[in-house]
Amino acid sequence: MSTKAFASQADLVEKKVSFDKLSDHAYAYTAEGDPNTGIVVGDDAVMVIDTQATPVMAADVIRRIREVTAKPIKYVVLSHYHAVRVLGASAYRPEQIIASQDTYDLIVERGEADKASEIGRFPRLFNAVESVPPGMTWPTITFTGRMTVWLGKLEVQLLQLGRGHTKGDTVAWLPQQKILFSGDLVEFDATPYAGDAYFRDWPQTLDNVAALAPLALVPGRGAALKGEAQVAQGLRGTASFIADVRASVEAGVAAGLDLNAVYKSTVAALKPKYGHWVIFDHCMPFDVTRCHDEMTGHADPRIWTADRDRQMWEALEG
């Protein structure tokens, strides 16, 4: 038997939700390290960035949106494909669901496997999972590289700045206000999940985020970052974690260690610095496995399934 409860199955404590106003047009729905949702209120419509994991959970986001505007929720944007980010989409009844073509391709390739995998990992985050419609959350509009959506006179740029958390990562950027919704490319006081990541690409992608010079940033997890100093702190923390995982794994591979030994040495090296971050124990087996794969010839992430999750966990934590 594992010495640790699998993934986040032991995480049963409800988190306090915050709904922060960043400007007259931008809000952040955050919950102490649980997945965040971004809200953009335009002149004539609302855009939601990432949906929560189930329609029942999305209903709380909608309730808070209705406290600040009666405008229709016209667009849902998927920053990437993970189930915990997208399966609440039906609650918003949007006119369009927008994602990068890379994200669409990932849903085709591994959406069903990812859905089963994530529901098994995060029982609390899939509250009322029975409310999720059968099948996938499918984008109705896809783009490559860049797309601009106008909400009246408010410009929203949807940008692929590079691969990192997944190959499909999309940020939503309000250039007039210099507010960014990063998805899981950036985390704050929360461990980046890197099971589907590109460790070699992620640092440059973060540099591309920084080049926009956001004055506020809503990360994938953690509190909304306000002001240049907090934004820089969030970018720096994410970048240092990714670099430290990669450095430790590369050193282990170079020394000829097997995955189990690389995992143990990497956790020992990183725990003093990052062990207090949300979901550290959950993420590390997935992160180290993916990084080890990338350093040993798997250029693209292998598909996680519920069975593969359990087998990996037993091998590394058993």
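Colleague: Leaving aside neighbours within four places in sequence, which residues is V249 in contact with?

Modeller: This is a predicted model, where local features need pLDDT of at least 70, side-chain atom pairs count only at pLDDT 80 or more, and totals for chains, interfaces and linings use all residues. Residues are numbered from 1 along each chain as its sequence is written, and side-chain values use heavy atoms, with hydrogens and water left out. V249 lies in helix α5 (helices are DSSP runs of H or I, at least four residues, and strands of E, at least two, numbered from the N terminus). With contact meaning heavy atoms within 4.5 Å, the partners of V249 beyond four places in sequence are V262, T266, V288, C291, H292 and M295.

Colleague: Why does V249 count as buried?

Modeller: Buried means under 20% relative accessible area, exposed over 50%, partly exposed in between, with a 1.4 Å probe and protein chains only. V249 is buried because its relative accessible area is 0%.

Colleague: Which element gives the most residues to the largest nonpolar core?

Modeller: A nonpolar core is a set of buried Ala, Val, Leu, Ile, Met, Phe, Trp, Tyr and Cys residues joined through side-chain atoms within 4.5 Å. The largest has 42 residues. Elements giving it two or more include α5 (228-254) and α7 (280-295). With seven residues, the top contributor is α7.

Colleague: Which residues does M284 touch, not counting those up to four places away in sequence?

Modeller: M284 is among the residues with the most contacts inside the largest core. Beyond four places in sequence, M284 touches F241, Y263, T266, V267 and L270.
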